[in-house]
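The following paragraphs lead the reader through one structure, strand by strand. Please keep the sequence and the three-dimensional view at hand while reading.

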Amino acid sequence: QARLVESGGGSVQAGGSLRLSCAASGGGFSTLGMGWFRQAPGKEREFVAAVGWYTGSTYYADSVQGRFTISRDNAENTMFLQMNGLKPEDTGVYYCAADSPSRLTIWKPNNDIKLAQWGQGTQVTVSS
């Protein structure tokens, strides 16, 4: 089964940019969509953005709309998150996940939806 591996996290000052990547490694990767989630210290994991794998349709949380851009490279089985205008409240561990966009966008830690795959996470720290 394919694994999801995130990269691109780091530390930046407020107003800066980072680009995250999530690559599906191993054979047999197939999905209807991929998404990004984040978890700040002491807070629940939350939805950030999702993309339809074949449609290219995109979905964003209100908190990142207009600042973050999600995209994917189907040939490379890789998803990206371009993060501009970063704020301290964007700090957290960013996780990628694979499942249908309808499930990705409504996932919450306490509901019954169990997403098909998760990555291990990458740290993003934004200082003021």
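In this predicted model, a convenient starting point is the residue Trp36, which stands opposite Ala49 in strand S5. Strand S4, residues 33-39, is joined to S5 by six bridges, and the two strands run antiparallel. Between S4 and S5 lie six residues, and in this hairpin Gly42 adopts a positive phi near 75°.

Strand S5 also has a second partner to consider. It pairs with strand S6, residues 58-60, in the antiparallel sense, over three bridges. Within this pairing, Thr58 of S6 is the bridge partner of Val51. S5 and S6 likewise form a hairpin, here with five residues between them, and Gly56 in the turn shows a positive phi of about 75°.

How far is strand S5 enclosed by the rest of the structure? Strand S5 spans residues 46-52, and six of its seven residues are buried, so the strand is largely enclosed by the rest of the structure. A residue is called buried here when its relative accessible area is under 20%.

The structure also holds one disulfide. This bond joins Cys22 to Cys96, with an S to S distance of 2.1 Å. Because Cys22 belongs to strand S3 (residues 18-25) and Cys96 to strand S9 (residues 92-98), the pair ties together parts that are 74 residues apart in sequence. The torsion about the S-S bond of Cys22 and Cys96 is about 55°, and the disulfide is therefore right-handed. Cys22 has 0% relative accessibility and so counts as buried; Cys96, at 0% relative accessibility, counts as buried too.

Terms used: Residues numbered from 1 in each chain as written. Predicted model: local features only at pLDDT ≥ 70, side-chain atom pairs only at ≥ 80, totals over all residues. Heavy atoms only, no water. Buried < 20%, exposed > 50% of the residue type's maximum accessible area, 1.4 Å probe, protein only. Helix = DSSP H or I, 4+ residues; strand = E, 2+ residues; numbered from the N terminus. Pairing = 2+ DSSP bridges. Disulfide = S-S within 2.5 Å.
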